[in-house]
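These are my notebook entries on a two-chain model. I set out to look up its helix packing, its core and the contact between its chains.

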Amino acid sequence: MDMKRSYYEDLRLFSTLPLSLWLAACAIGALAAPFLFGNYLLYVFGYIAINVIVAIGLNILVGFTGQISLGHAGFFAIGAYATVLLANAGLPILLALPAAALIAAAFGFLLGLPALRLEGPYLAVVTLGFGLAVENIFAKAAIFGGATGPAVPAFDVAFFPGFSREQNLYALIVVIAFAALLAVRNLMRTRTGRAFVAIRDSDVAAACAGVDLTWYKTLAFAVSAFFTGIAGGLFAFHLGQVDPTSFNLMLSILFLAMVVIGGVGSILGPVLGAVVISLLNLKLKGLKMADFSEIPLFGPDIAAFLGRYFMETGMANIQFIVYGAILVLIMLFEPLGLYGLWIRAKRYWRTWPL
Amino acid sequence: MDSLGALPQVLFSGLAAGSVYALIALAMVIIYRTTEVLNFAQGDMAMMTTYVGLAFMVAGGMPFLGAALAALAFAAVLGACAEFMLLRRAKEPSVLGLIIITLGLEMIVFGFASWKWGGEPRDMTIPLAPTDVTVVGGVIMSHLELAAIAVAALVIAALFLFLNRSKAGLAMRATQQNRPVARLMGIRVRRVEMGVWALAAVIGGSAGLLVGPAATVEPYMMWDPMMKGFAAAVLGGMTSLAGAALGGAIIGIVENLFGYYVSTAFKSVVPFAVILLMLAIKPSGLLARHYVKKV
């Protein structure tokens, strides 16, 4: 949100030198990870990178085009199922992934069509219904493997001869994540990206300026679904199974939470949001009642109190309370998310001590 | 029974299911038309209300009716608190922002209830046994279904009376039509909005208390009815109370017809298809004035 002084500043891929250096450092670090860390940490990094792909894809729709989607778990599921089914049908995995993403994009295009006539709450309801319908169809239809899901083939792509299966998968996920990031940054500098932003700011004004609303709104859905679909395909291999019940409403809200927490409408915000939510997700899933006794000062008392009134078996659901509280607090106090905090901190120090 | 002979039975069961959807839809509509907030937490607030009712019955040893009334009182407090603590605090709220706040509320309520009471389904015993039936002209009406229809009809009638005959109802309608002018006329619009949320939570909670005994009480119990309640509200036009009630009945009946004649497994896809069809043909809904966006 810094002031642009010339048109060329707006055209640059990365706005400042420190930013490009940081991104380069991140890229080198991510690519060096297979040599440095064990399989569990690679699993964690891979999980984060998959969520990053979803978050930047969803951000195209929510942050840049200003449309709401509560059904991205549906696209995620379509990507996962299509990849697995195509790979099972004999297609090489590297072809099955983009093909599945294109299928997801086609569904995104279809879902985008009613979005032309709808806005705000109506769109939220339609996308919510889409997500629930997709989950329901995958869980119930026999051709999709029913309640257990289809068998996921082994990930057999070997980029580097010395790499294990996990290292190869991680390398693919990270490369796609960085490619997606660059693609979105570039997309937003093009005519298409600016049409998206124009629609977000005022669709009537955009239409008056000659932006074809039909084409660009459906395109935003399709592009967003493409990213989410490819992430879904990667997720199927990453987890090694496809569980239809995991693509539920909560997952859709979680994706939205990544974008909102990071900061809608910025490029790096959703990346940050995806990292935060993924880490929280992994951390909170294994929470035990006994962990509360480690809180300093009143720990044992808190644990005893909670043990009396709450269920140990329901502990995993604490994550939903945490995400919900974060969503509400972000919306009440910092609608631009972590990115907004960063901007404010930067402004404060720029003029310090004034 | 041949397939056509089963029709009255299917229609009746559909109406009974639809009355629950109508209650959820009504709750959403009264919030939406007064505050323009789409309350995604409606279903899970109802789930929480049902759990509280169950707790009054199990831990408090109260009979079902007493526990239900106590739970509805709790629902009113929950709704009022949600409005007072969350919605009212939003700075310059956008549509996305308000939706995200109610989604956050939904996650908090869902997480809290499933942490407090665990994920396993529980039974809610009521004075009506599932085997209590009345047979009218070959249609088997279980008393539970009859109770659902009766409660829905009662709530709708009471709501119409309240909105059209009472001073508080008048204040709600005035706030809905023109908030600044209502405020100038001395109506405490914020208090009215809080009241609307409390009222909606009570109506939604009564739907939860109907779903609980019919199935089991579990954290996911209201997701499906909430989706159908949404569908009913959209069908009725989002701002019309009669439309919401009619939409609920239609969704319930269409869903049951689909379940009986086509496929039971894909019943849940019906509301989505109905919404899409409705929005494609007449986006303003069945009973609402034409929806035109202000520029």
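I call a crossing left-handed if the near helix is turned anticlockwise from the far one by less than a right angle, and right-handed if clockwise. The model is predicted, so I accept local features only at pLDDT of at least 70 and side-chain atom pairs only at pLDDT 80 or more, while totals for chains, interfaces and linings use all residues. Residues are numbered from 1 along each chain as its sequence is written, and chains are lettered from A and ligands numbered from 1 in the order in which they are written.

Entry 1, chain B overall. I counted 11 helices and 2 strands in chain B, taking helices (H or I, at least four residues) and strands (E, at least two) as DSSP runs numbered from the N terminus. From the N terminus the order is α-α-α-α-β-β-α-α-α-α-α-α-α. The C-alpha trace of chain B spans about 60 × 50 × 35 Å along its principal axes. Its radius of gyration, taken over C-alpha atoms, is 19 Å, which agrees with the value near 19 Å for a compact globule of 295 residues; the globule rule is 2.2 Å times the number of residues to the power 0.38. Of the 295 residues in chain B, 52% are buried (20 or more other C-beta atoms within 10 Å of the residue's own; exposed means 12 or fewer, partly exposed in between; C-beta atoms are placed from the backbone). Among contacts in chain B (C-beta atoms, placed from the backbone, within 7 Å) between residues at least 6 apart in sequence, 73% join residues at least 24 apart.

Entry 2, the core. I found 216 residues in the largest nonpolar core (buried Ala, Val, Leu, Ile, Met, Phe, Trp, Tyr and Cys joined through C-beta atoms within 7 Å), and A:I53, A:A104, A:L327 and B:L26 have the most contacts inside it. Helix α1 of chain B (residues 7-35) gives the most to this core, with 17 residues. Beyond four places in sequence, the residues that A:A104 touches include A:F75, A:I78, A:A225 and A:F226.

Entry 3, the contact between chains. Here 41 residues of chain B are in contact with 40 residues of chain A. On the chain B side, α4 (95-117), α9 (223-236) and α11 (269-281) each supply at least two residues, and α4(B) gives the most, with 18. That side of chain B divides into 32 nonpolar, 7 polar and 2 charged residues (nonpolar: Ala, Val, Leu, Ile, Met, Phe, Trp, Tyr, Cys and Pro; charged: Asp, Glu, Lys and Arg; polar: the others, Gly among them).

Entry 4, α6(A) against α11(B). The two helices pack at about 145°, with axes 8 Å apart; axes are lines fitted to C-alpha atoms over the stretch in contact, and angles run from 0 to 180 degrees between N-to-C directions. Their crossing is left-handed. Among the residues that make the contact are A:Y122, A:V126 and A:I137 of α6(A) and B:V269, B:I275 and B:L279 of α11(B). By class, the contact has 13 nonpolar, 2 polar and no charged residues.

Entry 5, B:F272. This residue lies in helix α11 of chain B. B:F272 counts as buried because it has 24 C-beta neighbours inside 10 Å. Apart from neighbours within four places in sequence, B:F272 is in contact with A:G129, A:F130, A:L132 and A:A133.

Entry 6, α4(A) against α6(A). The axes of α4 (residues 72-88) and α6 (residues 120-140) of chain A come within 8 Å and cross at roughly 30°. A:F130 and A:V134 are among the α6(A) residues in this contact.

Key: Two residues are in contact if their C-beta atoms, placed from the backbone, lie within 7 Å.
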